[in-house]
Amino acid sequence: MIGKKLGHYEIIEQIGAGGMGEVYRARDVRLDRIVAVKVLPPHFAEDPERRQRFEREARTISSLSHPNICTLHDLGHENDTHYLVMEYLEGDTLAERLHGGPLPMNEVLRFGADIAEALDRAHRAGIVHRDLKPGNVMITADGVKLLDFGLAKASDRVDSASSLIVTQPGTEASPDTPLTAEGTILGTFQYMAPEQLEGAEADTRSDIFAFGSVLYEMATGRKAFQGKSQASLIASILEREPQPVSSVQAVTPPAFDHVVGKCLKKNPDDRWQSAQDLAGQLRWVAEESSRAGVPKVVSVRRKNRERL
């Protein structure tokens, strides 16, 4: 594939691979710019259902315009090769960043609010992402970008039957290898809402549950739910509550515990009901946290004056 041309795009190097396609850095020869080209593997292109999912990603992304959502430039095919052309992003995925441990709380709150606003834009367009996870968030010099809508579905047409296929038993989970496999429940197990695991409809509140799991991991460096197998992981999500963030990271604003805990409620009705409200809460926590530091500084200065 390296050196090959797909339409007006010259492939330079492979930069990623996943279940729904391989991603390459390429040059748009018409506009002389670097882009990312996502290619559907040949054995996927032969499968009508997988090809439809790939094309749905194109339609989904093209309908969204937001500074925190990866921009789609083009969609095309050459012979039997189908591909998407997207904005080329330089940086690390959130998953890669988390390999170094939890993020500072100010970054958790800032990045979290940006992700929530991107989700809100998608939800207002009637789109449920259904696979929100650290690997689908890119951290760039300009901020965060939400990407990979390959499992996204219009929220008014979510079919509960389509969210369950054949479960593959015996897959082990690990911190570096989330439980995701073609031919299983759509999505990534560690971040899936209870209703998705039970085969019910996934709506915008399912994304909010996944977002709560992402926030938890950003703040603690640990996954909110863990298990040695699919069965134990699913049981954890359905039946157990994760430790509060503050019990893992002592310096955590109490309000942040509340925000994450409400995202992770088992019953969708008990969660935040909109990503917009969630973004507002995170920005409020950030403001209150910064204000909380001011009195301490002032107090120290006053004591120094008294000593003088």
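**Figure 1. Packing of helix α4 against helix α6 in the predicted model.** Helix α4 (residues 105–124) and helix α6 (residues 204–220) pack with their axes 10 Å apart, at an angle of about 165 degrees. The two helices are therefore roughly antiparallel to each other, since angles over 145 degrees count as such. The crossing of α4 past α6 is right-handed.

**Figure 2. Residues in the contact of α4 with α6.** On the α4 side, the contact is made by Met105, Glu107, Val108, Phe111, Gly112, Ile115, Ala116, Leu119 and His123. The residues of α6 that they meet are Thr204, Asp207, Phe211, Leu215, Met218 and Ala219. Sorted by class, this contact of α4 with α6 has 10 nonpolar, three polar and two charged residues.

**Figure 3. Helix α6, its extent and its end.** The 17 residues of α6 reach 25 Å from the first C-alpha to the last, close to the 24 Å expected at 1.5 Å a residue. The helix is mostly covered, with 16 of its 17 residues buried. Glycine 221 follows α6 and has a positive phi, near 80 degrees.

**Figure 4. Surroundings of alanine 219 in helix α6.** Alanine 219 has a relative accessibility of 4% and counts as buried, because buried means under 20% relative accessible area. Leaving aside neighbours within four places in sequence, alanine 219 is in contact with Pro102, Met105, Val108, Val245, Gln249 and Phe256. Among these, Met105 and Val108 are also α4 residues in the contact of α4 with α6. Leucine 98 is 121 residues from alanine 219 along the chain, and the C-alpha atoms of the two are separated by 9.5 Å.

**Figure 5. Surroundings of threonine 220 in helix α6.** Threonine 220 is buried, its relative accessible area being 6%. Not counting residues up to four places away in sequence, threonine 220 touches Pro102, Val245, Val248 and Gln249. Threonine 220 lies 118 residues from proline 102 in sequence, while their C-alpha atoms are 5.1 Å apart in space. Pro102, Val245 and Gln249 are also among the contacts of alanine 219.

**Figure 6. Buried residues of helix α7 (residues 230–239).** In α7, the buried residues are Gln230, Leu233, Ala235, Ser236 and Ile237. Their cover includes α5 (194–197) and α6.

**Figure 7. Two loop residues with positive phi, aspartate 32 and arginine 130.** Neither aspartate 32 nor arginine 130 is a glycine. Aspartate 32, in the loop between β3 (21–28) and β4 (33–40), has a phi near 50 degrees. Arginine 130 has a phi of about 70 degrees and is placed in the loop between β8 (127–128) and β9 (137–140). Aspartate 32 counts as exposed at 58% relative accessibility, whereas arginine 130 counts as buried at 7%.

**Figure 8. The chain as the setting for the close-up views.** The chain has 10 helices and 11 strands. Of its 308 residues, 47% count as buried. Among contacts in the chain with a separation of 6 or more, 59% are between residues 24 or more positions apart.

Methods:
Residues numbered from 1 in each chain as written. Predicted model: local features only at pLDDT ≥ 70, side-chain atom pairs only at ≥ 80, totals over all residues. Heavy atoms only, no water. Axes fitted to C-alpha atoms, helices over the stretch in contact; angles between N-to-C directions. Helix = DSSP H or I, 4+ residues; strand = E, 2+ residues; numbered from the N terminus. Parallel < 35°, antiparallel > 145°, perpendicular 65-115°, else oblique. Left-handed = near helix turned anticlockwise from the far one by under 90°. Contact = heavy atoms within 4.5 Å. Nonpolar A, V, L, I, M, F, W, Y, C, P; charged D, E, K, R; others polar. Expected span 1.5 Å × (residues − 1). Buried < 20%, exposed > 50% of the residue type's maximum accessible area, 1.4 Å probe, protein only.
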